Amino acid sequence: MQIKIDTTPYANLETDAIVSYVFDETDPIQGALADIDKFANGLLKKLATGAEFAGKPLEMTLIHAPAGLKAARLLLVGAGKRDKFDVATLRRIAGAATRYLKSRSIKKFGFLLRENDLSDNSAQAVVEGAITADFETDKYKSDKKAGKDIESISILGFGDTTKSTGEKGLTRGQIIAESQNFARDLINEPSNKLTPKVLADKAAAMAKEAGLAVDILDEKKIAELKMGALLSVAQGGPEPPRMIVITYTPAGGAQAGAPVIGLVGKAVTFDTGGVSIKPADGMEKMKYDMAGGATMIGAMRALAALKPSVKVICVVPATENVVGGRAQKPGDIQTAMSGKTIEVLNTDAEGRLILADGIHYAKQLGATHLVDAATLTGAIVVALANINVGVFSGADQSWTDKLLASAKTVGEKMWQMPMDDEYREFIKGSFADIQNIGSGKGGGSITGAWFIREFAGDTPWIHLDIAGTAWNDDAKPWLAKGPTGVALRTLVNLVMTQ
């Protein structure tokens, strides 16, 4: 798909369709839409006064052969209330329009930004919405529908003097959206196609192409470094684990006193639950239990092109969690890389085990500020459903405030959960330093976060539980069914604003 900033007057653009958006208000046909309405002899106002079109969110009205336009069609998308309109809404509008037109075999269209939205952030939102909407999860289908690809999109509304502003946003949006799709493609891979070794190979290939330093630790090196928590999860199956390390260093090197950001992602390429086996219903989705790791790898791909001013170290422990004769059992005691002992009460609470070694190793490599992302708990789905990412913080609230501000800026919904000291008592071990599930009733996502915090220590640290948001069970108007790539945009913004 080609996307460009096009300064051609929208009325003169010869294309399959022009898309714009209408607000839910008393007189929705204003600005550029009012000019179009003059060409159309008042047709838009007539539609707006009836029940057919009222500007409700993502409501679609397609007009064929619109008078006064050289475009073959005019698609108007509802934007909802003007006072609630933001870049997140614009991104969804662009995504929904892309999928709507794509389903009708439209090949090219122009997206007309409204008169108050001619900024780099708006252009970025349109690009991100279109590119992520164009992603499909039918890679392994033999009967892919032919002729459904969007070939080109022109972003309209910018003039010759403001074109460079739009192009700035376009470039940024392409980098981020393509990296998000890169992560989504990894997440969508079935476990027979994406083992820990294959994931490491794909991450290494990306890093080398992007100019990033990469180090892949095999099972021998992992054992040599005494990463007992990671090894304990991996020991049940024949696929060996990997520890993936990707490093971005700014030109001229990291500045003295600047933060070194560690991005740590859980990558369980398939999770049966181990001996504490999961129910069969829905287990097929456990291929996406590596979404946290894929998101961090995708974020590094974007950062390599955007070139932040701080050093970033990405650490992704990768393994399967399967049932086998050598699998760890409830009651086993493991020793993590840090030396802390862990009583494994439930082998399905494995993500926190591999993150324990990932977090500690990131600190050893020099990370001064940490963020981890993981499809960690079903409990976060109970608390927040599939709407918000659960955010958990260490003692440094200022670091978490920066992440929450980034989430708001890019339009990703995140909600901070409590981390009261009383919850720490739930993971106090009876026969080891800590246990891997809570002994109290409820609070499963919090006790999981507290377990990881034990290994972050005093380092500023944030845990993102994406179990409810990393996968769409059903297609959205703006996004295909399957992996979402959630949190990548937030993480990129967080790093870029340091």
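In what follows, Ala, Val, Leu, Ile, Met, Phe, Trp, Tyr, Cys and Pro count as nonpolar, Asp, Glu, Lys and Arg as charged, and the others, Gly among them, as polar. This is a predicted model, in which local features need pLDDT of at least 70, side-chain atom pairs count only at pLDDT 80 or more, and totals for chains, interfaces and linings use all residues. Residues are numbered from 1 along each chain as its sequence is written, and side-chain values use heavy atoms, with hydrogens and water left out.

**The largest pocket**

- The largest pocket (a pocket being an open set of points on a 1 Å grid over the protein atoms alone, where a 1.4 Å probe fits, with protein on both sides within 12 Å along at least five of seven lines) holds about 1100 Å³ of space, a volume being the space filled by probe spheres set on the points, which are joined across faces, edges and corners.
- Its lining, meaning residues with an atom within 4 Å of a point, comprises 38 residues, and Ala88, Arg92, Gly411, Lys413 and Trp478 are the closest to the centre.
- By class, the lining of the largest pocket has 14 nonpolar, 13 polar and 11 charged residues.
- Helix α3 (helices being DSSP runs of H or I, at least four residues, numbered from the N terminus) gives the most to this lining, with five residues.

**Leu101, in helix α3**

- Leu101 lies in helix α3, which spans residues 87–102, and is buried (under 20% relative accessible area, with a 1.4 Å probe and protein chains only), because its relative accessible area is 0%.
- Leaving out residues up to four places away in sequence, Leu101 touches Ala17, Val19, Leu75, Ile106 and Phe109, where contact means heavy atoms within 4.5 Å.

Definitions and conventions
Helices (H or I, at least four residues) and strands (E, at least two) are DSSP runs, numbered from the N terminus. Buried means under 20% relative accessible area, exposed over 50%, partly exposed in between (1.4 Å probe, protein chains only).
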